[in-house]
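User: I've got this one open in the viewer and want to talk it through. Mind if I fire a few questions at you?

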Amino acid sequence: MNVLISKYRRFRQDPNRFPTILYETPNAREYLIRMKCGKMMAEKPQYKETIEMAPEKAWPWQVLVEVKNGSYCGGILIGDIWVLTPATCSDIKTLYFGVRNVQDKQAENVQTKAAAEAIIHDDFSQPELESDIALVRLDSAVSFTDHVKPICIPAHRVDMKTIARCHSTGWGLPRPGAANTPGSLKQLMVFLMRQSVCVYMKKMANWYTDKRNLCTETKAGLQGDCGADVGTPLSCIVDDAYFAIGMALAVPVQCETGWHPNVYLRISEFSQWILYNIEQHLKTTG
């Protein structure tokens, strides 16, 4: 099945229009509220500064995106038919939900879907990876189970000082230099880096970041988002629910070592664009 790559549904973000956009997207906001997002049946993880296997039923919004070239990306389930993934991963073959191990995509709790449409952000550019985000509409709705649930997205810019609990998750191997074959889902506690430090450190690595990005670090110097983890969520607790604060980017030096912290796309900077496109779909489908 060929995926419709939308290049006509454009929405250029303008901070001055933010209150208007909130008013213009009541159906989209109500739709996301009905999804009862950000809850998982697994116990909340202990905050250990070590990479560990994710327990059963943890991170049910994690999506495995198989690209037509044979590679894998991550994705973020935000509604029963909506997934966020990088624009660089939008040539989609199949999406898998509830995957614990990439080598076992036919497991009992896994749901498989095709993409009906991939809406690419109008400011996306390569090789800079500016605004590297796509909103994917599934060909049919997933069924919410203990293994498949949506995560919340911030409706406005979040005060990072209020966030204390964040986890990076993914199927990639945790250490660079090993065979780059994704395996079981893992989790790692991470800390949000001050924006000024993030910008400075990435500048030293010849990589430009701005307010649309954020960086994370670990206190123990462990490796973070590598391999198949591009597009996976940065899941943070906000008011007893998990929010997707960031989405991992495929920057040239993605694994966190020395001067190279992990870089995420800051989802709150794109929430207006997400709401707008969901609203447009709801208007056309009634």
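User: How many bridges join β14 to strand β15, and in which sense do they run?

Analyst: Keep in mind that this is a predicted model. Strand β15 covers residues 262–266 and runs antiparallel to β14. One facing pair to look at is Met247 with Leu265 in β15. The count of bridges joining β14 to β15 is three.

User: Which residue in β14 is the bridge partner of Pro233?

Analyst: Start with β13, residues 233–238, which pairs with β14 in the antiparallel sense over six bridges. Pro233 belongs to that pairing, and Leu265 in β15 stands opposite the residue you're after. The partner of Pro233 in β14 is Met247.

User: Which residue in the hairpin of β13 and β14 takes a positive phi?

Analyst: The hairpin has two residues between the strands, so there's little to search. The phi in question is near 55°. The residue is Asp239.

User: How many of the residues of β14 are buried?

Analyst: β14 spans residues 241–248 and is mostly covered. Ala241, Phe243 and Ile245 are also among the members of a second, separate core of 15 residues, along with Cys166. The number of buried residues in β14 is eight of eight.

User: Which residues touch the most other members of the largest nonpolar core?

Analyst: That core has 58 residues. Beyond its neighbours within four places in sequence, Ile78 is in contact with residues including Leu32, Met35, Leu84 and Ile274. The ones touching the most other members are Ile78, Leu84 and Leu95.

User: What pLDDT does the chain average?

Analyst: Residues 7–23 stay under 50, and residues 173–178 are below 50 too. Still, 72% of the residues score at least 70. The chain average is 79.

Note on methods
Residues numbered from 1 in each chain as written. Predicted model: local features only at pLDDT ≥ 70, side-chain atom pairs only at ≥ 80, totals over all residues. Heavy atoms only, no water. pLDDT = per-residue confidence, 0-100. Contact = heavy atoms within 4.5 Å. Core = buried A, V, L, I, M, F, W, Y, C linked by side-chain atoms within 4.5 Å. Buried < 20%, exposed > 50% of the residue type's maximum accessible area, 1.4 Å probe, protein only. Helix = DSSP H or I, 4+ residues; strand = E, 2+ residues; numbered from the N terminus.
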